[in-house]
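Morning, everyone. I have one structure to go through, and I will take it helix pair by helix pair before turning to a few single residues.

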Amino acid sequence: MRVYPWKEPPATLVFVGGGPRTVGLLERFAASADELLDGREVEIHVIDPYPVGGGRIWRREQSRLLWMNSMTSDVTIFTDESVDCEGPITPGPDLAAWVAGPGAVILEKAGLEPPGPMDFPPRLVQAEYLAWVWERVVRDLPATVITHRERAVELTPDQQVVLESGTEIAADAVVLALGYLDRLPTASESAWAAQAADAGLTYLPPGYTADVDLDGLWPKDPVIVRGFGQAFVDLIVLLTEGRGGWYDECDRLLTYHPSGDEPVLYVGSRRGVPYHAKLGYTVAGTKPVPTRYLTREALGEGVLDFDREVQPLIEKELAYAHYRQLFSAHPERVRCSWETFEKLLDTWSPTAASAALKVRFFAAVAGAVPDPADRFVRAEVDRPLAGRVFADRAQFERYLVELIEGDLLRRADPAYSADLAVFNALLSIYGVLSQAITVGQLSDEDRVRRVESDWHGFFSFVASGPPPRRLEELLALHRAGVVHFAGPDLEVALDNDQFVARSPGVAGEIHARAFVEARLPRPDVLATTDPLLCGLLESGALAADELFATDGTSLGGGQLQADSRSRAIRDDGSVHPALFLLGPSVSGSAGSSGFSRPYFNGPGFRQNDAVARDLLRLLAASTARKEERHAS
């Protein structure tokens, strides 16, 4: 009888979620495998009901009318020499280079026009790029890769991943990279839905616009829309061009031609204005730099009061970035040296109680920077309609059209490159705030109300707006009578079986049979509908923030808890050594707000590299232990 040598089965790594985060992490896994895996066999399973690469958000099966809000040249999945990580750098094409190179034939076959470096490409272009990157990553992995187009529904204490089909996968390590999670409606949303259904009305709660059923929004029917960000932009695209309308341009004026199937939209929000257009230019040498005032040293130790100790430093940080760029790039528009003005900023206290000190500071700024358009006042940037009251809707709409037209001109003009400096400062500030949250320096109330609501809202308003073309289209839709502007601080109520909207700054009411909350739902893992996470949270295998205000009022759930190495924290505070958590539903997860830019040392790259190397060491050690046990 022939005796065959015993062979240990390969180490098994399971990813739940097959979107861009998994692709990026596996790229880093492949980069360090030769160094850390020591030739051991690995089997990798990726579980996602959507195609691996793009996942749900970046899938191929969505409207080609929907665009990214990043330029082609600002997106990459690959590391470059700017990335500060332990693993080797393995460059690959960013989206712009891919479009001009290996992606050209792929896009032609898909019937997609290749975008230029400064274009905002359709999301389907990014879907094709991610699919190509996935194929390259799989080719480079020293592992067998198996994909499962279904959901994972359970993770047992002995690391068995159970799929909805009943398949079980024994894992040595598991990575949960689930992306944005569906969640149960809030009590308020449920009440709205029930009341609307009883009255025969259409109510659409917060959600991902590409997945929302819009059939209840009838042609030529008035619709109240609350929300002026990316979800709104997607909504108007699907309800206009998506219903057969089209644009043409004559004498440099964009004109919309309705199909007749569009509803009439009345849009408002807390600010009452659309998000700022994305900047339409780049300036050599401008990039995020380390913060000057909002530093780890300045924040110190212990729990911070956001309004008193953090917000003033953010205020100074943004002002510093703005004026430093203004003074260096446009010295003809200032009246003193940068050294003099820098000292003024260093001594400035945004929370100074004395009105005289505030007046003195702003007088000094006005003397140094004569043109008000060159000054930075965060409150005015944040709420451009604050304190304004309009006698009628026509007056308000004329004012808002002028505001949007002015924004389009400014965001296309590098003469206002101080705006780009503020954008970069926002990114640096976000990194410091994420770290402060991770180490527990902010109370639950400050985290939810000040960071996740106020600060994130400001960040999105200034830095995550639509491509400029979308605001040009918005103005064309307004001229065509398809879109009207409802005003700031928009309040909506149900009255006599109809929705009624009112803005305290604009006279008059709006009546409609349909109401859309055009925004993403607030993350709350305790309200998730995902069966895998529900089971892990219920068993205590995962811990999540349950947030409360200082008066004991519940603020809902927050994010999953992970340690500094992205390992899951259990409900008892212990760390799971072989379960890793990444993505926007995880406290402190880096790079969750979007794709990294080339030559930007993106935090997501750094985290992916560290986790990939931990996984490789863990798998190698697990296999070595099995071999030692068998040998003994």
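**Helix packing and selected residues**

Helices α1 and α4 are roughly parallel to each other. Please keep in mind throughout that this is a predicted model.

Let me stay with that pair. Helix α1 covers residues 20-36 and helix α4 covers residues 123-140; their axes come within 9 Å and cross at roughly 30°. Angles under 35 degrees count as roughly parallel, which is why the pair gets that description. As for handedness, α1 passes α4 in a left-handed crossing. Which residues make the contact between α1 and α4? On the α1 side they are P20, V23, L26, E27 and A30. On the α4 side they are L130, V133, W134, V137 and D140. By class, that contact divides into eight nonpolar residues, no polar ones and two charged ones.

While we are on α4, a word about V138, which lies in that helix. V138 counts as partly exposed, at 28% relative accessibility. Its C-alpha is 10.0 Å from the C-alpha of I44, and the two residues are 94 apart in sequence.

Now the whole protein, briefly. There are 17 helices and 21 strands. The C-alpha atoms fill a box of roughly 95 × 60 × 55 Å along the principal axes. How does the radius of gyration sit against a compact globule with 632 residues? The rule gives a value near 26 Å, and the protein has 26 Å, so the two agree. Of the 632 residues, 53% count as buried. Take the contacts between residues at least 6 apart in sequence: 75% of them join residues at least 24 apart.

Next, helix α8, which I will take with two partners. The first partner is α13. Helix α8 runs over residues 306-329 and helix α13 over residues 418-438; the axes come within 8 Å and cross at roughly 150°. Angles over 145 degrees count as roughly antiparallel, so that is the term for an angle of roughly 150°. The crossing of α8 and α13 is right-handed. From α8, the contact takes in F306, V310, I314, E317, L318, A321, H322, Q325 and L326. From α13, it takes in A418, A421, V422, A425, L426, I429 and L433. The class count for this contact is 13 nonpolar, two polar and one charged.

One of those α8 residues deserves a closer look, and that is Q325. Is Q325 buried or exposed? Q325 is buried, with a relative accessible area of 13%. Leaving out residues up to four places away in sequence, Q325 touches V283, T286, H330, S417, A418 and A421. Of these, A418 and A421 are also among the α13 residues in the helix contact.

The second partner is α14, residues 444-463. The axes of α8 and α14 come within 12 Å and cross at roughly 20°. That makes α8 roughly parallel to α14. Here too the crossing is right-handed. From α8, F306, D307, I314 and L318 take part, and they meet D446, R450, V451, W455 and F458 in α14. This contact divides into six nonpolar residues, no polar ones and three charged ones. F306, I314 and L318 appear in the α8 contact with α13 and again in the α8 contact with α14.

Two loop residues next, both with a positive phi. Q159 has a phi of about 65° although it is not a glycine. Where does Q159 lie? Q159 is in the loop between β4, residues 152-155, and β5, residues 160-163. Q159 counts as buried, at 8% relative accessibility. The other is N601, with a phi near 50°, a positive value in a residue other than glycine. N601 sits in the loop between β21, residues 575-581, and α17, residues 603-631. At a relative accessible area of 24%, N601 is partly exposed.

Last, E380, which is in helix α11, residues 378-382. E380 is exposed, with a relative accessible area of 57%. E380 and Y247 are 133 residues apart in sequence, and their C-alpha atoms are 33 Å apart in space.

That is what I had; I will take questions now.

Conventions: Residues numbered from 1 in each chain as written. Predicted model: local features only at pLDDT ≥ 70, side-chain atom pairs only at ≥ 80, totals over all residues. Heavy atoms only, no water. Axes fitted to C-alpha atoms, helices over the stretch in contact; angles between N-to-C directions. Helix = DSSP H or I, 4+ residues; strand = E, 2+ residues; numbered from the N terminus. Parallel < 35°, antiparallel > 145°, perpendicular 65-115°, else oblique. Left-handed = near helix turned anticlockwise from the far one by under 90°. Contact = heavy atoms within 4.5 Å. Nonpolar A, V, L, I, M, F, W, Y, C, P; charged D, E, K, R; others polar. Rg over C-alpha atoms; globule rule 2.2 N^0.38 Å. Buried < 20%, exposed > 50% of the residue type's maximum accessible area, 1.4 Å probe, protein only.
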